[in-house]
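Subject: Structure handover

Hello,

Here is the structure I said I would pass on. My notes on it follow below.

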Amino acid sequence: MRSALPALLLAGCASIPAAAPLTEAPVVAASAETDPVDTAHDAADDPAIWRNAKDPAKSLVIGTDKKAGIHVYDMAGKRVSFTPAARLNNVDLREVGGRVVAVASDRADVAQAHVALFTLDTSARRLVPMGRYPVGPGEAYGMCLWTRAKDKALFGFVVLKDGRIDQVRIDVSGPSPTVTTVRSMKLGTQAEGCVVDDRTGTLYVAEEDVGLWRFAADPAAPATATPIARVDGKTLVADAEGLALAPKGRTGGYLVVSSQGDNAYTLYRLPAVTYAGRFRIGGGAIDGTSDTDGIELALGDFGPAYPQGLFVAQDGDNAPDTQNFKYVSWAKVKAALGL
């Protein structure tokens with residue numbers, strides 16, 4: 001069950017302005033953008049990144065279109081394949097037993113949450129469906145994965161639209177996958193974005209109008225939520241949306257959050273989760289981002305344009321085209337913030 005909401009979060013929630021002003025933040029130019037999705041209005045949602053360790057320039061980005069299916073893009077942002085699917089929302093991926101497994105939250109049935117499983121064929125650059133599996137009652141919304149260090153077991157966290165979080169164990173070792181719900185947690189209001197730190201077994205979840213929480217990811221741990229940052233209308237502006245990690249060492253690095261209400265991205269320094277700065281995307285030959293839902297970050301060499309890592313953000317207003325995803329050099333973000 002959820003722990004009692006502390007006074008600072010209650011105060012922060014009550015003080016959220018109806019239309020928060022844009023606060024100062026360095027602007028970082030995007031290096032590339034994906035082809036627009038095929039459907040209009042609120043469609044593109046959440047990205048995931050597969051890094052090709054042998055040839056970083058051939059890495060791939062996955063992006064959901066929650067009205068049509070799921071796309072695969074190359075490092076230039078060109079769409080290389082598309083897999084139709086009804087109402088996929090958030091997506092994450094992990095390498096499991098020599099193959100890349102992608103899992104998406106499936107909202108096709110608003111009364112019964114599902115997850116959709118895919119294998120990423122990295123040679124053909126396409127997603128191969130493995131099926132959709134029920135999780136529990138409610139509408140599936142957020143989705144993130146965790147690989148447990150001690151036994152390499154794969155778990156998923158499905159964030160329901162009402163704030164419930166169902167943890168599932170995903171086994172793809174047999175002839176067909178099995179998905180088993182192993183525990184549930186709860187936040188008080190609508191939540192979506194989540195990410196798990198594989199190093200520490202910590203689950204981070206964004207409750208959109210309230211702030212950020214963390215849980216122990218292991219299913220044997222108490223289902224207790226710990227508040228770590230609040231929506232204050234300044235450093236983090238509602239809605240708090242996508243989450244991503246930039247790990248460093250055993251416990252350090254940064255947690256990145258989409259501050260959707262003022263078109264920015266907020267960084268918190270790990271492990272203490274202290275405010276470390278914020279930035280926006282814009283100012284270059286490619287248009288900037290606004291109203292961002294999902295984000296993703298992968299460190300390492302992705303080629304000359306992304307020598308230290310790739311940050312991908314959904315763009316909620318890519319007019320005159322439909323929505324898409326922007327690619328940003330993590331090295332440029334670090335330089336802009338003096339990290």
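In strand E16, Tyr204 stands opposite Arg214 of strand E17. Strands here are DSSP runs of E with at least two residues, numbered from the N terminus. E16 covers residues 202–207 and E17 covers residues 211–216. The two pair in the antiparallel sense over 6 bridges, where pairing requires that DSSP finds at least two bridges between the strands. The connection from E16 to E17 is a hairpin of 3 residues.

This is a predicted model, in which local features need pLDDT of at least 70 and side-chain atom pairs count only at pLDDT 80 or more, while totals for chains, interfaces and linings use all residues. Residues are numbered from 1 along each chain as its sequence is written, and side-chain values use heavy atoms, with hydrogens and water left out.

E16 also pairs with strand E15 (residues 191–197), again antiparallel, through 5 bridges. Across that pairing, Val196 stands opposite Leu203 of E16. The hairpin of E15 and E16 has 4 residues between the strands, and Gly201 takes a positive phi near 65 degrees there.

How many residues of E16 are buried? The count is 6 of 6, with buried meaning under 20% relative accessible area, exposed over 50% and partly exposed in between (1.4 Å probe, protein chains only). In a regular strand, side chains alternate between the two faces of the sheet. In E16 both faces are covered: Thr202, Tyr204 and Ala206 are buried on one side, and Leu203, Val205 and Glu207 are buried on the other.

E15 also takes part in a disulfide. The term applies to a pair of cysteine sulfur atoms within 2.5 Å, and by this rule the structure has 1. Cys144 is joined to Cys194, with S to S at 2.3 Å. The angle about the S-S bond is -125 degrees, which makes the link of Cys144 and Cys194 left-handed. Cys144 lies in strand E11 (residues 140–147) and Cys194 in E15, so the disulfide ties together parts that are 50 residues apart in sequence. Cys144 counts as buried because its relative accessibility is 1%; Cys194, at 7%, counts as buried too.

Next, the aromatic rings. A pair of aromatic rings is described by the distance of the centres and the angle of the planes. Rings of Phe, Tyr and Trp (its six-membered ring) pair if their centres lie within 6.5 Å; planes under 30 degrees apart count as stacked, over 60 as edge-to-face and the rest as tilted. A search of the whole structure gives 6 such pairs. One of them is Tyr265 with Phe279, which is tilted, at 5.2 Å centre to centre and 35 degrees between the planes. Tyr265 lies in strand E21 (residues 264–270) and Phe279 in strand E22 (residues 274–281), so this pair ties together parts that are 14 residues apart in sequence. Both Tyr265 and Phe279 are buried.

Tyr265 also pairs with Phe311, edge-to-face, at 5.5 Å centre to centre and 80 degrees between the planes. This pair links distant parts of the chain, since Phe311 lies in strand E24 (residues 309–315), 46 residues from Tyr265 in E21. Relative accessibility is 1% for Tyr265 and 0% for Phe311, so Phe311 also counts as buried. Tyr265, Phe279 and Phe311 form one aromatic cluster.

Finally, Arg51 lies over the face of Phe302, at 5.9 Å from the ring centre. The rule there is NZ of Lys or CZ of Arg within 6 Å of the ring centre and within 35 degrees of the ring normal.

Regards
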